[in-house]
Amino acid sequence: MFGRKNGSKKNSKTATPRNGDLTAFIDEASEIEGKYSFSGTVMLNGKFRGEIVSKDTLIIGEKGVIHASVHAGVVLVSGEVIGNVIATARVELRGSARVFGDVEAPVVIVEEGVHFEGHCRMPKPDAAAAPVA
């Protein structure tokens, strides 16, 4: 009754996330301050102040309010970010996004309706990965 059969799913605590699966969700009732680092895909819909660092994907939901410097592989923004956003792969500013700070990534997508105050830098993918002297 409780044993695993061949082909059954792994325990969600030990399973490796598939590409696109959320590994964490921080809801709008949450307020966090400090340095946050993670692996996988995280959706942040609450309030955060500090620094966010990851090689993976950060999704800032429509209700997310971020006062932080953000460094990640991919950053998708639908909420508000006050601070610089640096991504090694891409940044997407979606229709309801409000960004007050600089954005840097090899690929930057800005949808219609976005409020963006800052500078945009799009280095070549090789230049983004190369160490700065």
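The following legends describe several views of a predicted model of one protein chain.

**Figure 1. Overview of the chain and its secondary structure.** The predicted model contains 13 strands together with one helix. Along the sequence the order is β-β-β-β-β-β-β-β-β-β-β-β-β-α, with the helix following the strands. The chain has 133 residues, of which 34% count as buried. Its exposed surface amounts to about 8,600 Å², and 51% of this area is supplied by carbon and sulfur atoms. Among contacts with a separation of 6 or more, 2% are accounted for by residues 24 or more positions apart.

**Figure 2. The largest nonpolar core.** This core comprises 25 residues, and those with the most contacts inside it are Ile52, Leu58, Ile66, Val75, Val77 and Val91. Two or more residues are given to the core by each of strand E3 (41-44), strand E4 (47-54), strand E5 (57-60), strand E6 (65-77) and E8. Strand E6 gives the most, contributing six residues. In soluble globular proteins, nonpolar side chains tend to be buried together.

**Figure 3. Phe38 and its surroundings.** Phe38 lies in strand E2, which spans residues 31-38. Because its relative accessibility is 11%, under the 20% limit, Phe38 counts as buried. Beyond its neighbours within four places in sequence, Phe38 is in contact with Ile52, Val53, Ser54, Asp56, Thr57 and Leu58. Two of these partners, Ile52 and Leu58, are listed with the residues that have the most contacts inside the largest nonpolar core. For another partner, Asp56, the separation from Phe38 is 18 residues in sequence and 7.7 Å in space, taken from C-alpha to C-alpha.

**Figure 4. Glu92 in strand E8.** Strand E8 covers residues 85-93 and includes Glu92. Glu92 has a relative accessible area of 15% and is therefore buried, since the limit is 20%. When residues up to four places away in sequence are not counted, Glu92 touches Val75, Leu76, Val77 and Ile109. Val75 and Val77 also appear with the residues that have the most contacts inside the largest nonpolar core.

**Figure 5. Contacts of Val91.** Val91 is one of the residues with the most contacts inside the largest nonpolar core. Setting aside residues up to four places away in sequence, Val91 touches Val75, Val85, Val103, Glu104, Ala105, Val107, Val108 and Ile109. Val75 and Ile109, included in this set, are also touched by Glu92.

Methods: Residues numbered from 1 in each chain as written. Predicted model: local features only at pLDDT ≥ 70, side-chain atom pairs only at ≥ 80, totals over all residues. Heavy atoms only, no water. Helix = DSSP H or I, 4+ residues; strand = E, 2+ residues; numbered from the N terminus. Buried < 20%, exposed > 50% of the residue type's maximum accessible area, 1.4 Å probe, protein only. Contact = heavy atoms within 4.5 Å. Areas by Shrake-Rupley, 256 points an atom, 1.4 Å probe, with all protein chains shown as cover. Core = buried A, V, L, I, M, F, W, Y, C linked by side-chain atoms within 4.5 Å.
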